[in-house]
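Colleague: Please take a close look at one partly exposed position and then set it against the interior.

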Amino acid sequence: MTAPNSTVKPYSADGNKKEQVADMFNNISSTYDMLNRFMTMGIDIIWRRKAIRSLRVIKPQHILDVATGTGDFAIESIKLLHPKKIIGIDISEGMLSVAKEKIKKKALTAQFEVMLGDSENLPFEDGDFDAVTVAFGVRNFENLQKGLDEINRVIRPGGKAIVLELSNPTAFPIKQLFHFYFHKFTPALGRLISKDKRAYSYLPESVAQFPSGKAFAEMMQKAGFTETKVRPQTFGFCTIYEATK
């Protein structure tokens, strides 16, 4: 059985998805933050803060941010949660280069460390972290279930995983408006600004294929989480998943 979302690849149906995803983010890393703000009209900042606040109840001191990208989610987590340490891991050197510049500029080297690595083979011991976060990254896993298994493994008992991911609205007329914006306008804008013809076509395709809502919650439970809350945001454009180990 093919793993959910594994067939959606940025550039070619052939080849390794991880390598293609890494190449894609390397290509768009310099414009990624600007395009995110523009395409979501800044609402993604609200989604991030809501997701991060879900962790306040356990007061995490050691956090892993998977698919950390340019580091925005981890930096916001430092502001809101004041952990002792956050480690960010990503497969794109280009995105991590942007993150490193932010860390240096904001003088966060003591709290925030980033490293190149694979989300499906995390280089950490069992139960190393109080919490694991993933913002807009699980769609890009080659083997989604394996990635969730790894996230569960590195969380201590009683710890939490927070996943923030785009989803497809189902109510009329939001569904139709979302489809036009995301499948027509977004790819055109992405091609214009990022100069990558495929990156922002891959985005809506990967969201359409993603097993969101109840289906994703069931995958998290299969990974070993005892409880998963599904919290749709902004008419279902985005969903926060809160899972406890």
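Modeller: Lys50 counts as partly exposed because its relative accessibility is 38%, where buried means under 20% relative accessible area, exposed over 50%, and partly exposed in between (1.4 Å probe, protein chains only). This is a predicted model, in which local features need pLDDT of at least 70, side-chain atom pairs count only at pLDDT 80 or more, and totals for chains, interfaces and linings use all residues. Residues are numbered from 1 along each chain as its sequence is written, and side-chain values use heavy atoms, with hydrogens and water left out.

Lys50 sits in helix H3 (residues 43-53); helices (H or I, at least four residues) and strands (E, at least two) are DSSP runs, numbered from the N terminus. Leaving aside neighbours within four places in sequence, Lys50 is in contact (heavy atoms within 4.5 Å) with Arg231, Gln233 and Ile240. From Lys50 to Lys102 is 52 residues in sequence and 22 Å in space, C-alpha to C-alpha.

Ile63, by contrast, is buried, with a relative accessible area of 1%. Ile63 belongs to strand S1 (residues 62-66). Beyond four places in sequence, the contacts of Ile63 include Leu81, Ile86, Phe129 and Ala131.

Now the interior. The largest nonpolar core (buried Ala, Val, Leu, Ile, Met, Phe, Trp, Tyr and Cys residues joined through side-chain atoms within 4.5 Å) has 44 residues, and Phe25, Phe112 and Phe136 are among those with the most contacts inside it. Helix H4 (residues 72-81) gives the largest share of this core, six residues. A second, separate core has 26 residues, including Ile151 and Phe210.
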